[in-house]
Amino acid sequence: MFYRCKILNVNFPSSVSLGTFVKHLPFSKPKTSFPPQRLNFKSLTTTTTCVTRSSSYFETLNSRQKDQIHLYVDALLQWNQKMNLTAVNEVNEVMERHIEDSLAIIPPIQNSYISSCNNSFDNLRIVDVGSGAGLPGLVLAVACPGWEVTLVESMNKRCLFLEHAVSLIGLSNVQVVRERAEKLGQDSNFRERFDVAVARAVAEMKVLAEYCLPLVRVGGLFVAAKGHNPQDEVKSAERATKLMGASVLQLCSVESHSPHGQRTAIICFKNRPTPRKYPRDPGTPTKEPL
């Protein structure tokens, strides 16, 4: 069962197109392109691409987008008093640890998509698996109004919050889907329909691969937001990633307000279809990870 949220048509001036937004993001371009290939795990520490920032990503948004983010944060904290949406309960902490972290994965998506998928990144179809409170998917939808964002969440209460937030801030480019990722991966309406799948704070990498990659089209990307040192987790997920038809493309270090001051975007490129037997039945990827 899913809900399509198309509430208001928000007219963004041409000056805040996705291209303009990304152009003004404080990040450095990679020095080399990254063709689809498997990483050599013995040299992960030397092949990681660093994406850093010197100022707030939030400050690159226009006034309308900033207002939308503030409305979202206020609603998040208000609803958090009656349900478990986030462990953070102060506005400044939400802005630093959730909003900035979510915005920070846009440059890695842009760099990897342009260099590996050879397509424009202005009108992507994004799926946020295990969206929870809408992080990072809802924030991406605000920052990138040209993207069509699907928020996948299995818990009804969280879906109610997501629907409320989408309506409150006036997003016409968001769809809320209440379902298990394993079921959507076997649904022809969703299987291999997305350009990019993202996941943040959902599960370990080898479980995420089975959740997310069946939803990604061949030639698309899977981006997992992880901690400051995910090399062991990436290595452990190598088999699962390969079985899903993908390979690890690169690891992008992103400055963060987490305790370690750094997070990592793990970028996977899907180069062949996922076998029909994947994903397995709901709950199996967690109980019996590949």
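The following exercises, each with a worked solution, concern a predicted model of one protein chain.

**Exercise 1. Determine how confident the predictor is in the chain, and which stretches call for caution.**

Step 1. The mean pLDDT of the chain is 84, and 79% of its residues reach 70 or more.

Step 2. The confidence does not extend to residues 1-24, where the pLDDT is below 50, although this stretch has 57 contacts in the model beyond near neighbours in sequence. Over residues 26-48 the pLDDT likewise stays under 50, and the model has 49 contacts beyond four places in sequence for them.

Step 3. Where pLDDT is low, the predicted coordinates should not be read in detail.

**Exercise 2. Describe the overall make-up of the chain.**

Step 1. The secondary structure comprises 12 helices and 9 strands.

Step 2. Of the 290 residues, 57% are buried.

Step 3. Among contacts with a separation of 6 or more, 75% are between residues 24 or more positions apart.

**Exercise 3. Classify Arg64 as buried, partly exposed or exposed.**

Step 1. Arg64 lies in helix α3, which spans residues 63-79.

Step 2. Its relative accessibility is 36%. A buried residue would be under 20% and an exposed one over 50%.

Step 3. Because 36% falls in between, Arg64 counts as partly exposed.

Step 4. The C-alpha atoms of Arg64 and Val142 are separated by 9.4 Å, while the two residues are 78 residues apart along the chain.

**Exercise 4. Identify which residues of the largest nonpolar core touch the most other members, and which element gives the most to this core.**

Step 1. The largest nonpolar core has 57 residues, and Tyr72, Ile99 and Phe161 touch the most other members.

Step 2. Helix α3 gives the most to this core, with 7 residues.

Step 3. Leaving aside residues up to four places away in sequence, the residues that Tyr72 touches include Ile99, Leu135, Leu138, Phe161 and Ile169.

Step 4. A second, separate core of 33 residues includes Val129, Ala209, Cys212 and Ala237.

**Exercise 5. Establish how strand β4 is placed among its partners.**

Step 1. Strand β4 covers residues 148-153, and 5 of its 6 residues are buried.

Step 2. β4 pairs with strand β3 (residues 125-129) in the parallel sense over 5 bridges. Here Leu151 of β4 stands opposite Asp128. The chain passes from β3 through helix α6 (residues 137-143) to β4 in a right-handed β-α-β crossover.

Step 3. β4 also runs parallel to strand β5 (residues 174-178), to which 5 bridges join it. In β5, Val176 is the bridge partner of Leu151. The crossover from β4 through helix α7 (residues 156-169) to β5 is right-handed.

Key:
Residues are numbered from 1 along each chain as its sequence is written. This is a predicted model: local features need pLDDT of at least 70, side-chain atom pairs count only at pLDDT 80 or more; totals for chains, interfaces and linings use all residues. Side-chain values use heavy atoms; hydrogens and water are left out. Helices (H or I, at least four residues) and strands (E, at least two) are DSSP runs, numbered from the N terminus. Buried means under 20% relative accessible area, exposed over 50%, partly exposed in between (1.4 Å probe, protein chains only). Contact means heavy atoms within 4.5 Å. pLDDT is the predictor's confidence in each residue, from 0 to 100. A nonpolar core is a set of buried Ala, Val, Leu, Ile, Met, Phe, Trp, Tyr and Cys residues joined through side-chain atoms within 4.5 Å. Two strands pair if DSSP finds at least two bridges between them. A crossover is right-handed if, with the strands pointing away from the viewer, the path from the first strand over the helix to the second runs clockwise.
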